[in-house]
Amino acid sequence: AKNITSVVWEASGLPAGLSINPSTGVISGTTSVQPGTYTATVKVTTNYGSDTKTISIVGAIPQSWLPIIDPN
């Protein structure tokens, strides 16, 4: 079995305000971009090589921002 001794995560094209943790690969943060679907590329590099994947991030309007409509 191969022993992975190093892992580094990178991302490009993330919406403004989001970042990737280079050690864990977790994407987090707060963004103020318009609702929609954003495409980013995630790359992982190990001591055996690297691989990239394209991901979609869907931004939506938070429920708390939606107006309350009184039916009366």
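Start with the whole chain in cartoon view and follow the sequence from its beginning: the pattern you meet is β-β-β-β-β. That makes five strands and zero helices. Keep in mind as you go that this is a predicted model.

Next, switch to the C-alpha trace and turn it along its principal axes. The trace spans about 65 × 20 × 15 Å. The radius of gyration is 18 Å, whereas the globule rule gives 11 Å for 72 residues, so the chain is more spread out than a compact globule.

Now select the whole chain again and show its surface. About 5600 Å² is exposed, and carbon and sulfur atoms supply 55% of that area. If you colour by burial, look for the buried residues, which are 14% of the 72 in the chain.

A contact map is a good companion here. Take the contacts with a separation of 6 or more: 38% of them join residues 24 or more positions apart.

Time to zoom in. Select residues 36-46, which form strand β4, and stop at threonine 46, which belongs to this strand. Show its side chain as sticks, then add tyrosine 48. Which atom of tyrosine 48 lies 3.0 Å from a polar atom of the threonine 46 side chain? The backbone nitrogen does.

For the last stop, keep threonine 46 selected and bring up its surroundings. Which residues does threonine 46 touch, leaving aside those up to four places away in sequence? Display Ile4, Ser6 and Val7, and you have them.

Conventions
Residues are numbered from 1 along each chain as its sequence is written. This is a predicted model: local features need pLDDT of at least 70, side-chain atom pairs count only at pLDDT 80 or more; totals for chains, interfaces and linings use all residues. Side-chain values use heavy atoms; hydrogens and water are left out. Helices (H or I, at least four residues) and strands (E, at least two) are DSSP runs, numbered from the N terminus. A polar contact is a pair of N or O atoms within 3.5 Å; within protein, one must be able to donate a hydrogen and the other to accept it, and residues adjacent in sequence count only if both atoms are side-chain atoms. Contact means heavy atoms within 4.5 Å. The radius of gyration is taken over C-alpha atoms; the globule rule is 2.2 Å times the number of residues to the power 0.38. Buried means under 20% relative accessible area, exposed over 50%, partly exposed in between (1.4 Å probe, protein chains only). Accessible areas come from the Shrake-Rupley method with a 1.4 Å probe; for residues, only the protein chains shown count as cover.
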